[in-house]
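Here are a few exercises to work through with the model open in your viewer. Try each one before you read the solution.

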Amino acid sequence: MELKKYKVLLFEKIKTQITDWFENNLSENIKKEEVYRFLHSIKGTAGTLQLTGLHQLADSLTLDIEGMNEKEDWDKEALRNYLFDLIEMSYEYEHFESSLKQQAPIRVENAPLVQLMN
């Protein structure tokens, strides 16, 4: 598998987990350990895929959680706010290449070329 396919899988994993927590989860609280495992997994995968910004952000969020009280769980609103930057960055990474393709000029194969000389 090429690197791009692994990136797609990572972003799918992030979207699936976020949807599960904020849309499908009937419980009001999400376990701290669950959030930690999610972020730790993103940190490792993003680092391997050379998604440096995502890796650094997940690392920072993971360190924050390590300093929390062991019994603390997240209510949905607090977790959504905590993960906002990660969600936003994931979206930007995921859509970066497609936005570049949209901005790239379309080259017509038989278009005349003009060479400029000084």
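The exercises below go from one helix to its core and then to single residues, and the model is a predicted one.

**Exercise 1. Work out how the buried residues of α1 are arranged around its axis.**

Step 1: Get the helix itself straight. α1 has 22 residues and spans 30 Å from first C-alpha to last, close to the 32 Å expected at 1.5 Å a residue.

Step 2: List what is buried, taking under 20% relative accessible area as the cut-off. In α1 that gives L10, F11, I14, Q17, I18, W21 and F22.

Step 3: Look down the axis. These residues cover an arc of only 125 degrees, so they sit on the same side of α1. The spacing fits the general rule: an α-helix has 3.6 residues a turn, so residues three or four places apart point the same way.

Step 4: Check the other face. Turned away from the buried side of α1 are the exposed residues T16 and E23.

**Exercise 2. Find which residues touch the most other members of the largest nonpolar core, and which element gives the largest share.**

Step 1: Among the 24 residues of this core, W21, L54 and L86 touch the most other members.

Step 2: Sort by element. α1, α2 and α3 each give two or more residues to the core, and the largest share, six residues, comes from α1.

Step 3: Pick L54 and follow its contacts. Leaving out residues up to four places away in sequence, L54 touches L10, F11, I14, I42, A46, L86, M89, S90 and Y93. Of these, L10, F11 and I14 are ones you've met as buried residues of α1.

**Exercise 3. Is F22 buried or exposed, and what does it touch?**

Step 1: F22 lies in helix α1, residues 3–24. Its relative accessibility is 12%, so F22 counts as buried.

Step 2: Skip neighbours within four places in sequence, and F22 is in contact with K76, L79 and R80.

Step 3: Now try a C-alpha distance. F22 and E77 are 55 residues apart along the chain, yet their C-alpha atoms are separated by 8.8 Å.

**Exercise 4. Describe the surroundings of T62, then turn to Q50.**

Step 1: T62 belongs to helix α3, residues 52–66, and at 1% relative accessibility T62 counts as buried.

Step 2: The T62 side chain reaches the backbone oxygen of A58 at 2.6 Å. Beyond four places in sequence, T62 touches Y36, L39 and H40.

Step 3: Q50 sits in the loop between α2 (32–48) and α3. Q50 is exposed, at 62% relative accessible area, and has a positive phi of about 60 degrees although it isn't a glycine.

Notes
Residues are numbered from 1 along each chain as its sequence is written. This is a predicted model: local features need pLDDT of at least 70, side-chain atom pairs count only at pLDDT 80 or more; totals for chains, interfaces and linings use all residues. Side-chain values use heavy atoms; hydrogens and water are left out. Helices (H or I, at least four residues) and strands (E, at least two) are DSSP runs, numbered from the N terminus. Buried means under 20% relative accessible area, exposed over 50%, partly exposed in between (1.4 Å probe, protein chains only). A polar contact is a pair of N or O atoms within 3.5 Å; within protein, one must be able to donate a hydrogen and the other to accept it, and residues adjacent in sequence count only if both atoms are side-chain atoms. Contact means heavy atoms within 4.5 Å. The expected span of a helix is 1.5 Å times one less than its number of residues. The arc is that of the directions from the helix axis to the C-beta atoms. A nonpolar core is a set of buried Ala, Val, Leu, Ile, Met, Phe, Trp, Tyr and Cys residues joined through side-chain atoms within 4.5 Å.
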